[in-house]
Amino acid sequence: MLIFSITDITIMSTPKFKTEDKRKADFEDGSDASCTTQFHSGNPGVSESDSDSDLSKIFNDPIHGTIRVSGLCMKIIDTPQFQRLRYLKQLGGGYFVYPGATHNRFEHSIGTYHLAGKFARILKWKHPAHFGDDEIKCIEMAGLCHDLGHGPFSHVSDNMFIPRVKPDSKWKHEDASVMMLEHLIKENSDVKSAFDELDKDWSCLELVKDLILGGKETNHVTTESVIEMRSTKPYLYEIVANSKTGIDVDKWDYFARDCHMVGMKNNFDHDRYMEMARINDVDGKPRICTRDKNASNLYDMFRTRETLHRRVYQHPVTRGVELMIVDALVKLDKTALIPGKMLK
């Protein structure tokens with residue numbers, strides 16, 4: 001069997017309606033343990049409910065279908081810091097060109113959470129010794145929180161607006177995502193308590209932040225055991241934010257989602273890729289690899305990315321609208337201040 005490295009090229013309990021907060025998910029499972037049944041189908045991509053969870057919700061996603069979120073991840077979603085993603089357009093100025101592109105960072109984050117957990121469980125099913133007890137939970141949380149730091153109109157903020165007002169800044173939305181996650185935990189006692197129960201020494205949170213940042217050097221991650229994982233378990237960093245090849249679940253979700261919403265065909269099959277993935281030794285380190293016969297599928301992924309950039313992200317009208325948005329934000333930046341702790 002030929003293999004090449006990618007570096008080279010449950011059934012739920014009866015739902016009841018919950019109407020007191022329309023910003024939150026549409027359904028909530030009963031918390032009575034007697035009503036909960038776990039479904040073991042043998043499919044490693046199926047997420048099982050957290051044993052310590054008293055909160056579980058179902059999202060009906062147009063791309064991935066039914067997505068179940070439970071435990072700590074659901075507590076994160078039900079915070080104001082995460083709910084703000086409902087109001088951030090995924091494609092920025094692209095909505096002014098493609099009126100169907102009404103999707104936001106909120107649903108993309110939940111889709112990335114779903115794919116991250118599914119991919120990690122498939123890999124664990126094939127290589128059980130490669131994953132620790134809580135590492136899959138960390139991977140799911142990283143997928144869920146990877147875009148927490150996006151500003152208005154998504155990439156318009158960090159790629160266009162900030163370079164205009166602070167030319168020397170190297171700030172990216174991933175850095176802000178880590179900062180927002182730290183702020184979210186500080187401001188929401190239930191989330192902090194859940195982290196305390198999961199992670200006595202908070203190394204899990206350190207790993208989540210490191211996965212969001214793609215393993216790059218940062219002051220946000222100081223735990224030695226987590227820093228060592230960058231070299232001992234590099235495959236963990238190739239699931240959510242793959243800084244080596246760019247082949248990760250973040251892109252898989254927005255390729256499928258963006259194509260669906262603008263009416264463009266996506267030829268890349270992420271499910272086929274995940275089923276064919278393996279962890280193999282590459283230059284002395286365990287890396288995520290795939291079969292040689294899956295190469296054409298990977299080529300379709302890069303072709304889809306090129307097509308999206310050419311026809312959507314870099315569309316002349318999209319760029320023109322975004323330049324006008326940046327002009328407005330630059331003028332606003334000089335005249336308006338938003339009260340906050342940084343201004344005290």
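Which residues in H6 meet which residues in H7? On the H6 side they are Leu 184, Ile 185 and Glu 187, and on the H7 side Ser 189, Val 191, Lys 192 and Phe 195. Keep in mind as you look that this is a predicted model. Helix H6 covers residues 173-187 and helix H7 residues 189-198, and the two pack at an angle of about 100°, with their axes 5 Å apart. That angle makes H6 roughly perpendicular to H7. Sort the contact by class and you get four nonpolar residues, one polar and two charged.

Now for the charged pairs. The model has a count of 20 salt bridges, and a few of them are worth walking through. Start with Asp 61 and Arg 257, whose side chains meet in a salt bridge at 2.9 Å, N to O. Asp 61 sits in strand S4 (residues 56-61) and Arg 257 in helix H10 (residues 249-262), so this pair ties together parts that are 196 residues apart in sequence. Are these two buried or exposed? Asp 61 is buried, and Arg 257 is too. The pair also has company: Asp 253 joins Asp 61 and Arg 257 in a network of salt bridges.

Next, swing over to Arg 105 and Asp 147, where the side chains form a salt bridge of 2.8 Å, N to O. Arg 105 belongs to helix H3 (residues 105-126), while Asp 147 lies in the loop between helix H4 (135-145) and helix H5 (155-165), so here the parts tied together are 42 residues apart in sequence. Again, Arg 105 is buried, and so is Asp 147.

Then there's Arg 287 with Glu 238, a salt bridge between side chains at 2.4 Å, N to O. Where do the two partners sit? Arg 287 is in strand S7 (residues 285-291) and Glu 238 in the loop between helix H9 (224-232) and H10, so the pair ties together parts 49 residues apart in sequence. Both Arg 287 and Glu 238 are buried.

One more arginine to look at is Arg 68, which you'll find in strand S5 (residues 65-70). With a relative accessible area of 14%, Arg 68 falls under the 20% cut-off and therefore counts as buried. What does its side chain touch? The side chain of Arg 68 makes a polar contact with the side chain of Ser 56, at 2.8 Å.

Conventions. Residues are numbered from 1 along each chain as its sequence is written. This is a predicted model: local features need pLDDT of at least 70, side-chain atom pairs count only at pLDDT 80 or more; totals for chains, interfaces and linings use all residues. Side-chain values use heavy atoms; hydrogens and water are left out. A salt bridge is a side-chain nitrogen of Lys or Arg within 4 Å of a carboxyl oxygen of Asp or Glu. Helices (H or I, at least four residues) and strands (E, at least two) are DSSP runs, numbered from the N terminus. Buried means under 20% relative accessible area, exposed over 50%, partly exposed in between (1.4 Å probe, protein chains only). Axes are lines fitted to C-alpha atoms, for helices over the stretch in contact, and angles run from 0 to 180 degrees between N-to-C directions. Angles under 35 degrees count as roughly parallel, over 145 as roughly antiparallel, 65 to 115 as roughly perpendicular and the rest as oblique. Contact means heavy atoms within 4.5 Å. Ala, Val, Leu, Ile, Met, Phe, Trp, Tyr, Cys and Pro count as nonpolar, Asp, Glu, Lys and Arg as charged, and the others, Gly among them, as polar. A polar contact is a pair of N or O atoms within 3.5 Å; within protein, one must be able to donate a hydrogen and the other to accept it, and residues adjacent in sequence count only if both atoms are side-chain atoms.
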